[in-house]
Amino acid sequence: MPRHQRLLDARNDTPTRSPVLEPPVPLVRLWLLRILLPLGGLRQLVHDGQGASGLLATLGVPHDPREGGTDAADLVAIRRVLESDWQALEAQADALALPVALEENLARLAALVQLSAVDCRLLGCACLLQALRLLEDAADTLGPLTAAKAIAVLAALLDVPEVEVKRALAPRGVLAHSGLLSLRRAGQGTLSTRLELFSASFAEAMLAPDTEPLALLRGAVASSAPARLTLDDYPHLGLSRTLLRTYLASALGHHPAEGNMSGINVLLYGPPGTGKTELCRTLAAVLGCELLEVSAADEDGDPIGGEQRLRAWRAAQRFLARRRALILFDEIEDVFTSQTEGDVTGLFALHSPNPGKHRKGWIHRALETNPVPTFWVTNAVEQMDAALIRRFDLVLELPVPPRAVRAAIAQARVGALVGAETLAALAASEVLAPAVLTRAAAVLQRVQQQTQHQTQQPTGADDAALPYDRALLGLVNQTLRAQGHPAILEHDPLGLPACYDPDLVHADGDLRAMALGIARTGRARLCLAGPPGTGKTAAARWLADQCELPLQLWRASDLLSRWLGASERLVARAFHDAQADGAVLLIDEIDGLLQDRRGAAQAWEVTLVNELLTQMERFCGVFVATTNRLEGLDPAALRRFDLKLQFRALRPEQAWALLGSHCAALGLGTPEESLRQDLRALASLTPGEFATVARRHRFLPLRTAQDLVAALRAECGLKPGGVGSGPMGFV
């Protein structure tokens with residue numbers, strides 16, 4: 001008997017249920033038949049052979065490709081078997097329905113985000129394409145499809161006018177705008193890859209009975225962690241903290257009848273670990289509302305791309321539009337920027353023929369219409385387009401907190417573990433973010449608990465006396481170095497010497513009277529000029545102590561960058577940070593920044609001087625600049641300094657007094673009167689030489705005051721034109 005006849009005869013003896021595969025609901029069965037017959041997938045299915053047996057067996061047609069190739073007669077016989085089922089199902093197509101759970105979830109979703117009947121049919125089809133392997137295999141027989149062809153296939157598959165399918169899948173349609181379903185428009189792909197659902201777990205959730213709408217966001221949007229801080233932990237935000245809380249409270253309490261309050265967006269930026277995410281959680285707790293966070297990784301821990309995260313945000317906007325909620329979109333770098341030039345996988349690519357223009361316009365509209373207030377958080381605001389930044393309602397920087405706040409954080413986190421000197425060193429660091437200290441403190445506390453737990457067990461000497469101060473600084477410094485920041489030193493080598501006395505500094509002004517006046521007014525612009533070692537930097541440190549203000553020290557080289565415009569930004573940041581910290585700002589060797597513009601060889605040298613002069617005029621604190629070359633500074637800059645002090649080599653009586661104090665500090669006894677004349681011969685002697693010799697004494701001790709004077713003479717002899725005699729080097 002011919003093979004095709006056996007196929008026809010077997011139709012009457014073969015049960016409709018496959019022994020392996022559960023039969024699909026009648027509507028899905030109809031879709032399978034539409035794909036294979038009117039859309040032409042049957043020929044490709046039987047020709048390939050792969051997967052044909054299971055699909056045809058599910059439809060009630062036994063087919064074993066191992067019996068040999070399928071000829072034309074076989075294909076006709078299979079078609080004849082399938083056509084009878086197809087026609088019967090088409091006759092009752094209007095009465096066929098999706099699986100019950102999917103129907104119910106679609107109805108619930110339609111009420112929530114205002115889906116049309118066509119939207120629901122398309123979304124249900126996409127869910128089943130992703131969930132049912134047989135339906136996906138059948139659709140794959142149609143081969144690669146363009147976007148237009150995919151729309152035509154969906155129209156035929158769902159028996160919906162093509163124009164309605166096209167409208168429903170348009171970029172501005174409800175499906176795409178809500179992020180639930182979008183059509184990939186670039187290139188070619190199979191039907192299942194053309195239709196992109198909200199998330200990988202969305203179809204599974206839609207097919208589960210009684211799924212809560214918010215559960216559909218699983219894996220892409222989740223409830224944020226509880227707040228661990230209070231608004232009192234952000235005193236350095238000042239008025240911005242109050243504005244932010246009040247503005248969000250107004251948006252959350254808004255009633256639709258009161259007018260349009262959509263498009264509420266807050267941009268938070270700053271270095272990592274400064275508390276941006278925690279601020280969002282704290283504000284949600286204070287305002288008594290939900291905080292949903294757009295995930296950066298899926299349920300398997302794999303990173304989620306920027307476009308998929310955006311789709312999650314759009315869906316959450318629809319889902320939460322009627323709830324008292326806020327949305328947190330953290331780590332927005334992959335959404336607002338592209339990794340490489342020409343990359344369209346970043347912000348709102350959406351497979352547009354002109355992705356850059358499309359995504360920029362899309363985000364501009366989105367920031368004006370989103371119904372749920374959103375926090376957008378980034379560590380790299382400089383990568384964002386300026387036209388985009390100005391569309392946020394509130395733009396708030398969270399810098400590393402000022403010194404007073406850092407001191408309070410250090411005391412709260414590790415005050416019970418380390419000493420006052422370590423706490424002061426932590427508070428003095430201008431790059432130590434609170435999160436870095438918190439994590440290091442958590443490690444140290446865990447170590448302490450484990451040590452206490454083992455007190456009844458034999459321990460080594462190192463375990464019994466763990467140096468917590470050194471251990472904490474080690475933990476913190478490992479992170480700081482990895483971030484490219486300088487380490488925190490247990491002892492500041494540039495700190496003010498214990499024996500510092502402003503009367504033993506040769507300046508052409510009364511330093512004590514100057515300090516009293518500045519402490520009273522709180523404002524000054526000083527230029528301290530003189531040869532190296534004359535005590536300019538030490539005088540600035542002493543001034544900060546007298547005014548009871550922290551000191552922020554920058555060297556000119558710290559503020560110079562090879563990138564165009566970056567030096568100006570660094571200068572502006574130095575003044576901004578000092579203002580926020582209430583600190584004395586000291587820029588050492590400022591001649592590297594304030595060179596006379598008349599001799600500038602490059603345009604950036606002029607713009608840098610202009611920026612520095614502008615910042616000096618705007619600064620409402622104490623600014624101190626030091627230089628070795630007063631004559632090289634720009635004349636306009638010199639006019640902007642309130643006071644210019646010249647520092648010179650020590651006067652003989654100052655040198656003698658400083659010798660006495662150092663001999664006492666180093667344990668060398670009282671110097672003999674005969675040494676006074678030796679010091680008088682050192683006309684270029686400065687406090688710097690005394691400091692150098694004192695440091696040398698730590699590893700090469702001096703025995704007598706005569707040794708100290710000899711060492712000072714050697715140091716002076718190293719200067720160009722210096723006065724001194726005797727051996728040079730270590731004495």
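**Exercise 1. In which helix is V447 found?**

Let's start gently. This is a predicted model, where local features need pLDDT of at least 70, side-chain atom pairs count only at pLDDT 80 or more, and totals for chains, interfaces and linings use all residues. Residues are numbered from 1 along each chain as its sequence is written, and side-chain values use heavy atoms, with hydrogens and water left out.

Step 1. V447 sits in helix α22, residues 434–453. Helices (H or I, at least four residues) and strands (E, at least two) are DSSP runs, numbered from the N terminus.

Step 2. The relative accessibility of V447 is 34%, so V447 counts as partly exposed. Here buried means under 20% relative accessible area, exposed over 50%, and partly exposed in between (1.4 Å probe, protein chains only).

Step 3. Together, V443, V447 and L475 make a nonpolar surface patch of about 200 Å². Patches are made of residues with over 30% relative accessible area and no salt bridge; like charges are joined within 9 Å, nonpolar side chains (Val, Leu, Ile, Met, Phe, Trp, Tyr) within 5 Å. Areas come from the Shrake-Rupley method with a 1.4 Å probe, and for residues only the protein chains shown count as cover.

**Exercise 2. Check the span of helix α14 and find its buried residues.**

Step 1. Helix α14 covers residues 239–252, which is 14 residues. The expected span is 1.5 Å times one less than the number of residues.

Step 2. That gives 20 Å, and the end C-alpha atoms are 20 Å apart, so the two values agree.

Step 3. Now look for the buried residues of α14: L244, L248, A251 and L252. They cover an arc of only 95° around the axis, which puts them on the same side of α14. The arc is that of the directions from the helix axis to the C-beta atoms.

Step 4. What do these buried residues pack against? Their partners are β4 (265–269), α15 (276–287), β6 (325–329), β7 (374–378) and β8 (394–397).

**Exercise 3. Describe the salt bridges of E90, R311 and E689.**

Step 1. A salt bridge is a side-chain nitrogen of Lys or Arg within 4 Å of a carboxyl oxygen of Asp or Glu. The whole structure has 20 of them.

Step 2. E90 meets R34 at 2.8 Å, N to O. E90 belongs to helix α5 (residues 72–91) and R34 to helix α2 (residues 26–36), 56 residues apart. E90 is partly exposed at 29%, whereas R34 is buried at 5%.

Step 3. R311 pairs with E196, with the closest N and O atoms 3.1 Å apart. R311 lies in helix α16 (residues 306–319) and E196 in strand β2 (residues 195–197), so the pair ties together parts that are 115 residues apart in sequence. Both R311 and E196 are buried.

Step 4. E689 and K719 meet at 3.0 Å, N to O. E689 is in helix α32 (residues 687–697), while K719 is in the segment after α33 (705–717), 30 residues apart. E689 is buried at 8%, and K719 is partly exposed at 22%.

**Exercise 4. How many helices and strands does the protein have, and what percentage of its residues is buried?**

Step 1. The secondary structure comes to 33 helices and 14 strands.

Step 2. Of the 731 residues, 47% count as buried.

Terms used. Contact means heavy atoms within 4.5 Å.
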